[in-house]
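This report introduces a protein structure to a reader who has not seen it before. The sequence and the structure are shown first, and the description follows.

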Amino acid sequence: MATLARLRYSAVAVLSRNLSPPTRQFFSGRNPIFSGDCTSSFSKQSLLESRAFCSAAGSRSSFRPAAAFLAGWRSRVAADPQFPFKVAMEQLVGVSACVAGDMATRPNFGLNELDFVFSTLIVSSILNFVLMYILAPTPSGTQSLPSIFSNCPRSHMFEPGNYGPVLRLGTFVYKGALFAAVGFCAGLVGTAISNGLVKMRKQMDSGFEPPNKAPPTILNAATWAIQMGVSSNLRYQALNGIEFWMAKAVPPLVFRSSVVVIRCLNNVVGGMSFVMLARLTGSQSVNQEKVTAPQ
């Protein structure tokens with residue numbers, strides 16, 4: 001028995017040099033499994049603790065993007081307590097206003113182009129949240145820009161601080177490139193989803209004929225990239241500057257009411273500008289022979 005005990009402690013000593021502290025404690029003499037005190041309650045508790053430790057270790061790598069997102073969300077709420085309210089208004093009111101502006105710009109209020117309108121709804125829901133998340137202020141030191149833009153405002157071009165016009169323009173250029181990349185990816189997803197749903201409808205109903213030709217996926221995504229990098233970039237950066245000033249200048253009730261109105265108008269303008277841009281690029285063309293003018 002003494003020889004077995006010496007062998008056991010020698011093995012633990014060798015292993016402990018390369019093991020993490022929780023694992024080292026598990027194999028040490030303090031663990032009831034290795035100390036000889038193997039009652040049923042201790043064994044069950046140790047087994048549960050071991051499973052929990054392994055589960056936590058495995059989940060760290062699986063949910064790392066989710067953890068990063070939650071950490072970013074908390075930092076934005078810490079810097080701007082009104083951030084959750086702004087996001088809710090952007091999704092509920094802003095997206096609805098964007099679709100309304102989109103439909104108002106189309107002939108016959110978009111009733112002959114509902115496939116295009118649905119595509120706009122999907123992409124806008126994704127992009128509006130991404131825009132809010134990227135432009136939201138964070139506590140100092142938690143958000144960094146590439147070295148060439150390291151001295152520029154970190155959140156938006158109208159961020160308070162001792163920044164010159166060139167540095168503020170640098171933020172506009174950097175955010176514009178970032179938004180364009182996000183817009184292109186979201187445009188790919190939204191266009192693919194809407195086109196896929198139209199194809200599914202045609203397979204289920206052989207008599208169904210879409211009112212318009214499906215938009216080219218790459219061209220439509222490129223149109224969204226231009227829309228995001230130029231129009232949305234300028235509008236949302238100005239919107240963040242206005243809201244930052246209003247949060248300190250007006251009472252909370254007035255501020256919240258103003259946020260609803262301003263974001264509603266902003267999204268109406270955004271929806272209308274996208275339709276005009278899509279017509280210019282040819283990404284969304286209407287079959288004129290199928291459009292019936294109201295009598």
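## A proline in a loop

Where does proline 153 lie? Proline 153 is found in the loop that runs between helix 7 and helix 8. The model described here is a predicted one. Within that model, proline 153 has a relative accessible area of 0%, and it counts as buried because this value falls under 20%.

Leaving out residues up to four places away in sequence, proline 153 touches Leu145, Glu159, Tyr163, Leu167, Arg168 and Thr171. For one of these, threonine 171, the C-alpha atom lies 6.1 Å from that of proline 153, while the two residues are 18 residues apart in sequence.

## Overall architecture

The protein contains 10 helices and zero strands. Its pattern along the sequence accordingly reads α-α-α-α-α-α-α-α-α-α. Of the 295 residues in the protein, 37% are buried.

Among the contacts with a separation of 6 or more, 69% join residues 24 or more positions apart. The accessible surface of the protein amounts to about 16800 Å², and carbon and sulfur atoms account for 68% of that surface.

## A nonpolar patch on the surface

Which residues make the nonpolar surface patch of about 700 Å²? The patch is formed by Phe118, Leu121, Ile126, Val189, Ile193, Leu197, Met200 and Met204. Two or more of its residues come from helix 7, which spans 114-135, and likewise from helix 8, which spans 165-204. Helix 8 gives the most, with five residues.

Leucine 121 may serve as an example of a patch member. This residue is found in helix 7. Its relative accessible area is 34%, and leucine 121 is therefore partly exposed, since the value lies between 20% and 50%.

## Serine 194 in helix 8

Is serine 194, a residue of helix 8, buried or exposed? Serine 194 is buried, as its relative accessibility is 5%. A polar atom of the serine 194 side chain lies 3.0 Å from the backbone oxygen of threonine 191.

Apart from its neighbours within four places in sequence, serine 194 is in contact with Asp115, Phe118 and Ser119. Phe118 is also one of the residues of the nonpolar patch.

## Aromatic pairs

How many aromatic pairs does the structure hold? There are seven aromatic pairs. One aromatic pair consists of phenylalanine 69 and phenylalanine 129, with ring centres 6.1 Å apart and planes at 45 degrees to each other. The pair is classed as tilted because its angle is neither under 30 degrees nor over 60.

Phenylalanine 69 belongs to helix 5, which covers residues 64-79, whereas phenylalanine 129 belongs to helix 7, so the pair ties together parts that are 60 residues apart in sequence. Phenylalanine 69 is partly exposed at 36% relative accessibility, and phenylalanine 129 is partly exposed at 23%. Both residues also belong to a cluster in which ring pairs link Phe69, Trp73, Phe83, Phe129 and Tyr133.

How values were computed
Residues are numbered from 1 along each chain as its sequence is written. This is a predicted model: local features need pLDDT of at least 70, side-chain atom pairs count only at pLDDT 80 or more; totals for chains, interfaces and linings use all residues. Side-chain values use heavy atoms; hydrogens and water are left out. Helices (H or I, at least four residues) and strands (E, at least two) are DSSP runs, numbered from the N terminus. Buried means under 20% relative accessible area, exposed over 50%, partly exposed in between (1.4 Å probe, protein chains only). Contact means heavy atoms within 4.5 Å. Accessible areas come from the Shrake-Rupley method with a 1.4 Å probe; for residues, only the protein chains shown count as cover. Patches are made of residues with over 30% relative accessible area and no salt bridge: like charges are joined within 9 Å, nonpolar side chains (Val, Leu, Ile, Met, Phe, Trp, Tyr) within 5 Å. A salt bridge is a side-chain nitrogen of Lys or Arg within 4 Å of a carboxyl oxygen of Asp or Glu. A polar contact is a pair of N or O atoms within 3.5 Å; within protein, one must be able to donate a hydrogen and the other to accept it, and residues adjacent in sequence count only if both atoms are side-chain atoms. Rings of Phe, Tyr and Trp (its six-membered ring) pair if their centres lie within 6.5 Å; planes under 30 degrees apart count as stacked, over 60 as edge-to-face and the rest as tilted.
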